[in-house]
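Okay, thanks for coming, everyone. Let's have a look at this one together, and shout if you want me to slow down.

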Amino acid sequence: MKIDILTLFPGMFEGFLNESIIKRAIESNKVNINLINFREFSHLNNGQVDDTPYGGGSGMVLRIEPLVEAIESVKTDASRVILLTPQGKTFNEAKAKELSSSKHLILVCGHYEGFDERIYNFIDEEISIGDYVLTGGEIPAMAITDAITRLLPGVIKEESHANDSFSNNLLDYPTYTKPRDFRGLKVPDVLLSGDHEKIRQYRLEEAKKNTLKKREDLLK
Ligand code: ADE
């Protein structure tokens with residue numbers, strides 16, 4: 001899969017792309033992630049990409065030409081163009097799964113200011129990562145790229161995400177490691193029993209209990 005991220009702040013992605021699972025996924029060619037600074041597509045000689053809103057009002061608006069030309073510089077018939085805004089549909093694990101089967105994603109990040117409304121003629125969908133406003137689309141682009149990349153074949157062990165929270169509308173079951181007894185807090189006996197069927201049933205029950213307690217809405 002290829003992911004092109006259009007941003008005015010490529011430096012924000014440095015740590016994200018150069019650590020841990022994402023770094024390994026890139027190095028082993030499971031995913032190809034490119035950063036495109038759409039300032040390079042500015043038509044103005046000082047690299048300006050925003051302007052004052054028609055009709056007046058406070059704040060600046062991202063101009064359409066640099067954004068559309070940056071999109072068109074990488075877009076093919078297989079591309080899905082996603083605009084990151086708080087007005088989009090809320091991202092979730094089902095959406096991550098759906099997007100993980102795409103060949104090419106183009107993630108468009110704004111910063112501080114709004115997009116010129118005509119951008120909607122050049123994108124396929126709009127995604128939000130939650131009902132709060134961030135200073136830009138960079139953190140949402142990282143969140144979405146991370147959630148998708150970990151689902152790509154060979155990035156993490158298949159069984160690691162088969163039981164993930166949300167994978168079957170349930171939260172994850174509780175897990176424990178050594179020591180068996182920490183200040184009187186003991187690991188449940190069933191997990192030490194060696195009876196795999198019993199453990200499977202216990203975990204399913206605990207996942208249901210956990211979901212009912214913390215996220216009843218997922219069971220509806
Ligand atoms: N840009 C600013 N806030 C955002 C959010 N919550 N989701 C996606 N993009 C955003």
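Let's warm up with an easy one: in which helix is the place of K97? That's helix 4, which covers residues 93-99. Just so nobody forgets, what we're looking at is a predicted model. Now, is K97 buried, exposed or partly exposed? Its relative accessible area is 38%, so K97 goes down as partly exposed, since buried needs a value under 20% and exposed a value over 50%. If you want a feel for distances, take A70: K97 and A70 are 27 residues apart in sequence, and their C-alpha atoms are 26 Å apart in space.

Right, on to the ligand. Which pocket does the ligand take up? The space it fills is the largest pocket. Strand 5 (79-90) and strand 8 (125-128) are the elements that give two or more residues to the shell around the ligand. Strand 5 gives the most, with three residues.

Who's in that shell? On one stretch of the chain you have L84, T85 and P86. Further along come I127, S128, I129 and G130, and then Y132, V133, L134, G136 and P140. If you sort them by type, eight are nonpolar, four are polar and none is charged.

Now zoom in on the nitrogen atoms of the ligand, because I'd like you to see the backbone here. A polar backbone atom of G130 is 3.2 Å from a ligand nitrogen. For Y132, a backbone N or O atom lies 2.8 Å from a nitrogen of the ligand. And L134 does something along those lines too, with a backbone N or O atom 3.0 Å from a ligand nitrogen. How much of the ligand's accessible area does the protein cover? On its own the ligand has 260 Å², and the protein covers 96% of that.

Let's move to a couple of buried residues. I123 is in the loop between strand 7 (114-115) and strand 8. Why do we call I123 buried? Its relative accessible area is 12%, and the cut-off is under 20%. Compare positions with V68: the two are 55 residues apart along the chain, while their C-alpha atoms are separated by 9.2 Å.

The other one is E206, in helix 7, residues 196-214. At 18% relative accessibility E206 counts as buried, and its side chain makes a polar contact with the side chain of K209, at 3.0 Å.

Last stop: some backbone details. Which peptide bond is cis? The one from K178 to P179, with omega near 5°. You'll find P179 in the loop between helix 6 (158-162) and strand 9 (181-182).

Then there are two positive phi values in residues other than glycine. S20 has phi near 55°, and its place is in helix 2, residues 20-27. With 48% relative accessibility, S20 counts as partly exposed. N29 has phi near 60° and is found in the loop between helix 2 and strand 2 (32-37). N29 is exposed, because its relative accessible area is 69%.

That's my tour. Who wants to go next?

Definitions and conventions. Residues are numbered from 1 along each chain as its sequence is written. This is a predicted model: local features need pLDDT of at least 70, side-chain atom pairs count only at pLDDT 80 or more; totals for chains, interfaces and linings use all residues. Side-chain values use heavy atoms; hydrogens and water are left out. A residue is near a molecule or strand if one of its heavy atoms lies within 4 Å of it. A polar contact is a pair of N or O atoms within 3.5 Å; within protein, one must be able to donate a hydrogen and the other to accept it, and residues adjacent in sequence count only if both atoms are side-chain atoms. Accessible areas come from the Shrake-Rupley method with a 1.4 Å probe; for residues, only the protein chains shown count as cover. On a 1 Å grid over the protein atoms alone, a cavity is a set of points where a 1.4 Å probe fits but cannot get out, and a pocket is an open set with protein on both sides within 12 Å along at least five of seven lines; lining residues have an atom within 4 Å of a point. A molecule sits in a cavity or pocket if more than half of its atoms lie within 2 Å of its grid points. Helices (H or I, at least four residues) and strands (E, at least two) are DSSP runs, numbered from the N terminus. Ala, Val, Leu, Ile, Met, Phe, Trp, Tyr, Cys and Pro count as nonpolar, Asp, Glu, Lys and Arg as charged, and the others, Gly among them, as polar. Buried means under 20% relative accessible area, exposed over 50%, partly exposed in between (1.4 Å probe, protein chains only).
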